[in-house]
Amino acid sequence: MATPMKPKAEPVVLAVKLKNAMKRVRPDIEAVDVKNILFHEQRVGCSGYFTDGERWVFVDTDILPMLGEQPRALPKALYRICEGPGDTTGGQNYFCLRNADVICRAVGDLLDRERRRAEG
């Protein structure tokens, strides 16, 4: 019996790839204001918001310059619950493998957990 392949980190996850992956993985979640990030004229990732209509998640696929590291030093993406577009503060930071499908599943799981928590 063959073992399933583990997803691999992608060197760069750009806006179009992430939005298309979300449409494929979780069509019930909408991408809002997802844009590429430029660092010295190179596209090094993207950031933006995803919503299920009630809750919002901020996603950043190139978080390392914010943390004082070199860009793309580690294959991680950051995501967290937020109040809506324009809000990048608050909430607990979560990290996942920098892979478009993995990010979309992680965002979907976080929104589902928050919905269940709110329902009681």
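**Around D87 and the neighbouring sheet**

Apart from residues within four places of it in the sequence, D87 is in contact with Y49, F58 and C82. This picture comes from a predicted model, and D87 makes a good starting point for a tour of it. The residue sits in the loop that links β4 (76–82) to β5 (94–97). D87 is buried, yet it has no salt bridge. The nearest side chain of opposite charge belongs to R80, 6.8 Å away, whereas a salt bridge would require a side-chain nitrogen of Lys or Arg within 4 Å of a carboxyl oxygen.

The two strands on either side of this loop belong to an open sheet. Five strands make up the sheet, in the order β1-β2-β3-β4-β5, and their pairing is antiparallel. At the edges lie β1 (30–39) and β5, each of which pairs on one side only. From one strand to the next, the twist averages 20 degrees. Four bridges join β4 and β5 in the antiparallel sense; for Y79, the bridge partner in β5 is Y94.

Two helices can then be placed against these strands. Helix α1, formed by residues 15–25, packs on the sheet and touches β1, β2 (42–51) and β3 (56–60). The direction of α1 makes about 155 degrees with that of β1. Helix α2, covering residues 100–119, lies across β2, β3, β4 and β5. Relative to β4, helix α2 runs at about 25 degrees.

Note on methods:
Residues are numbered from 1 along each chain as its sequence is written. This is a predicted model: local features need pLDDT of at least 70, side-chain atom pairs count only at pLDDT 80 or more; totals for chains, interfaces and linings use all residues. Side-chain values use heavy atoms; hydrogens and water are left out. Buried means under 20% relative accessible area, exposed over 50%, partly exposed in between (1.4 Å probe, protein chains only). Lys and Arg count as positive and Asp and Glu as negative; His and the chain ends are not counted. Contact means heavy atoms within 4.5 Å. Two strands pair if DSSP finds at least two bridges between them. Axes are lines fitted to C-alpha atoms, for helices over the stretch in contact, and angles run from 0 to 180 degrees between N-to-C directions.
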